[in-house]
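Work through the exercises below with the sequence and the structure at hand. Each task is followed by a solution in steps.

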Amino acid sequence: MMNRAPFFTRGFSFFLLAIVLSGCHTVPETGRRAFTLLSVQDEITLGAEAFAEIKEAEKISTDEEKNAMLQRVGERIARVAEVDMPQAEWEFVLFENDMVNAFALPGGRIGFYTGMWKVADDEDDIAVIMGHEIAHVTARHGAERLSQSLAIMAVGIGVQQAVRNRSEETQMAVMLAYGAGATLGLQLPHSRRNESEADEIGLYYMARAGYDPRVAPRFWEKMEAHASGGSPPEFLSTHPSHGRRVQDLERAMPRALEYYRAAVGPSD
Ligand SMILES: [Zn+2]
């Protein structure tokens, strides 16, 4: 910093400055500033392409009851999250798969596995997961992580070009960016910070949609108990310890309860 290295040219400084200035967004609800090189429109395009591939590769469930529940919860929560990402293109698809997992792709594509119902007992439990996944989308966690890998990958050819030419590597990075890599036997975990943030924002969303946020700690306990027999890809491997998670949820609970009471009326 003090002794500028000779290779640190003025052009390169401007390049870095341009990246920093153009590459930031504010996370809704928490107000955190995050690094992004993609526009929301880039996210939607890349997410839609990746989701189409997943839908071709995976078996889509015909279970009417679970499908109806997934659509109902998804639409209710997407409606309250809309203000944070009006351009999002929401789509909720149920896959026939025994794994206890769900994932979100950039721009609003959400996948649930039927295995999720091994832990989720009712619609409120599904709302906990749905809130969490929708929060990953509106907080743009995938774009944040993708920007980090693209920034590394695209040195020399330019990030915009890397995004636009949609190479196989870019596709792979998009899928990995949102935890969908589990379906391909690959997984790049969300950071713990992003997981905690999705927990918190998801809690507010479910509450505003009229689902009692107080079920969330109990639900994550059930997930924890289930995970002791294996390792569900999205939710626990990179998550904060259970004690920490419950603590964080309790801290966010008063604000969530205000939203919940405003949504359902003061009687509860
Ligand atoms: Zn997550």
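**Exercise 1: Confidence along the chain**

Task: In this predicted model, find which helix has the lowest confidence in the chain and which has the highest.

Solution. Helix α1 (residues 10-22) has the lowest confidence, with a mean pLDDT of 47, while helix α3 (residues 64-81) has the highest, at 98. For the chain, the mean pLDDT is 79, and 69% of the residues reach 70 or more.

**Exercise 2: Two stretches under 50**

Task: State how many contacts beyond four places in sequence the model has for residues 1-21, and how many for residues 178-188.

Solution. Start with residues 1-21: pLDDT stays under 50, and the model has 1 such contact. Next take residues 178-188: pLDDT stays under 50 here too, and the model has 33 contacts beyond four places in sequence. Then apply the caution that coordinates predicted with low pLDDT should not be read in detail.

**Exercise 3: The setting of C24**

Task: Decide whether C24 is buried or exposed, and list its contacts beyond four places in sequence.

Solution. First, place the residue: C24 lies in strand β1 (residues 24-26). Second, count the other C-beta atoms within 10 Å of C24; there are 12, so C24 is exposed, the cut-off being 12 or fewer. Third, list the contacts: R33, A34, F35 and T36. Finally, check E144: its C-alpha is 9.0 Å from that of C24, with the two positions 120 residues apart in sequence numbering.

**Exercise 4: The chain overall**

Task: Give the share of buried residues and the number of helices and strands.

Solution. Of the 268 residues, 41% are buried. The chain has 10 helices and 5 strands.

Terms used. Residues are numbered from 1 along each chain as its sequence is written. This is a predicted model: local features need pLDDT of at least 70, side-chain atom pairs count only at pLDDT 80 or more; totals for chains, interfaces and linings use all residues. pLDDT is the predictor's confidence in each residue, from 0 to 100. Helices (H or I, at least four residues) and strands (E, at least two) are DSSP runs, numbered from the N terminus. Two residues are in contact if their C-beta atoms, placed from the backbone, lie within 7 Å. A residue is buried if 20 or more other C-beta atoms lie within 10 Å of its own, exposed if 12 or fewer, and partly exposed in between; C-beta atoms are placed from the backbone.
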